[in-house]
Amino acid sequence: MKFIPGLFRVLKDTTWPDRKQRWKDFLAVIEYTVFFTIIIFLFDKLVSTGIVSVLDIF
């Protein structure tokens, strides 16, 4: 059972980001989330408007 000691060894040898880098990463995730949310929202509006206009023809 060398898995558990090896796991703790990997965690010990891992370099973790400092406080400033964690905030930069967090803000980057928020920016990407907002960006893709807007893209998905606009695409949804475009598709739903197109479907409604096609249904109005009939």
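What is the accessible surface of the protein chain, and what percentage belongs to carbon and sulfur atoms? The accessible surface comes to about 6000 Å², and 74% of that area belongs to carbon and sulfur atoms. The legends below refer to a predicted model.

**View 1. Overall form of the protein chain.** The protein chain contains two helices and zero strands. Along its principal axes, the C-alpha trace extends over about 70 × 35 × 5 Å. The radius of gyration is 23 Å, whereas a compact globule of 58 residues would have a value near 10 Å. Buried residues account for 0% of the 58 residues.

**View 2. The annotated segment, residues 26-43.** The UniProt annotation "transmembrane region", taken from an unreviewed entry, covers residues 26-43. In the model this span is 100% helix and 0% strand. The C-alpha atoms at its two ends lie 26 Å apart.

**View 3. The nonpolar surface patch.** Trp23, Phe26, Leu27, Ile30, Val34, Ile38, Phe41 and Leu42 together make a nonpolar surface patch of about 800 Å². Trp23, one of these residues, is found in helix H2, which comprises residues 19-57. Phe26, another contributor to the patch, has a relative accessible area of 44% and is therefore partly exposed.

**View 4. The aromatic pair of Trp23 and Phe26.** The structure holds three aromatic pairs. One of them joins Trp23 and Phe26 in an edge-to-face arrangement, with 5.7 Å centre to centre and 85° between the planes. Because Trp23 and Phe26 are three residues apart in helix H2, about one helical turn separates them. Both residues also belong to the nonpolar surface patch.

**View 5. The stacked pair of Tyr32 and Phe36, and its cluster.** A pair of aromatic rings is described by the distance of the centres and the angle of the planes. For Tyr32 and Phe36, the ring centres are 6.5 Å apart and the planes meet at 15°, so this pair is stacked. Tyr32 and Phe36 are four residues apart in helix H2, and therefore about one helical turn lies between them. Tyr32 counts as exposed, because its relative accessibility is 54% and the exposed class begins over 50%. Phe36, at 44% relative accessibility, counts as partly exposed. Ring pairs link Tyr32, Phe35 and Phe36 into a cluster.

**View 6. The salt bridge in helix H1.** The structure holds one salt bridge. Asp13 forms this contact with Arg9, and the closest N and O atoms are 3.9 Å apart. The separation of 3.9 Å satisfies the criterion because a salt bridge requires the side-chain nitrogen to be within 4 Å of a carboxyl oxygen. Asp13 and Arg9 are four residues apart in helix H1 (residues 3-13), so they are separated by about one helical turn. Asp13 counts as exposed, at 52% relative accessibility, whereas Arg9 counts as partly exposed, at 48%.

**View 7. Asp25 and its separation from Ile51.** Asp25 lies in helix H2. With a relative accessible area of 38%, Asp25 is partly exposed. Asp25 and Ile51 are 26 residues apart along the chain, and their C-alpha atoms are separated by 39 Å.

Key:
Residues numbered from 1 in each chain as written. Predicted model: local features only at pLDDT ≥ 70, side-chain atom pairs only at ≥ 80, totals over all residues. Heavy atoms only, no water. UniProt positions renumbered as here; feature names shortened; annotations may be inferred. Patch = residues over 30% accessible without salt bridge, like charges linked within 9 Å, V, L, I, M, F, W, Y side chains within 5 Å. Areas by Shrake-Rupley, 256 points an atom, 1.4 Å probe, with all protein chains shown as cover. Rg over C-alpha atoms; globule rule 2.2 N^0.38 Å. Buried < 20%, exposed > 50% of the residue type's maximum accessible area, 1.4 Å probe, protein only. Phe/Tyr/Trp six-rings, centres within 6.5 Å; stacked < 30°, edge-to-face > 60°.
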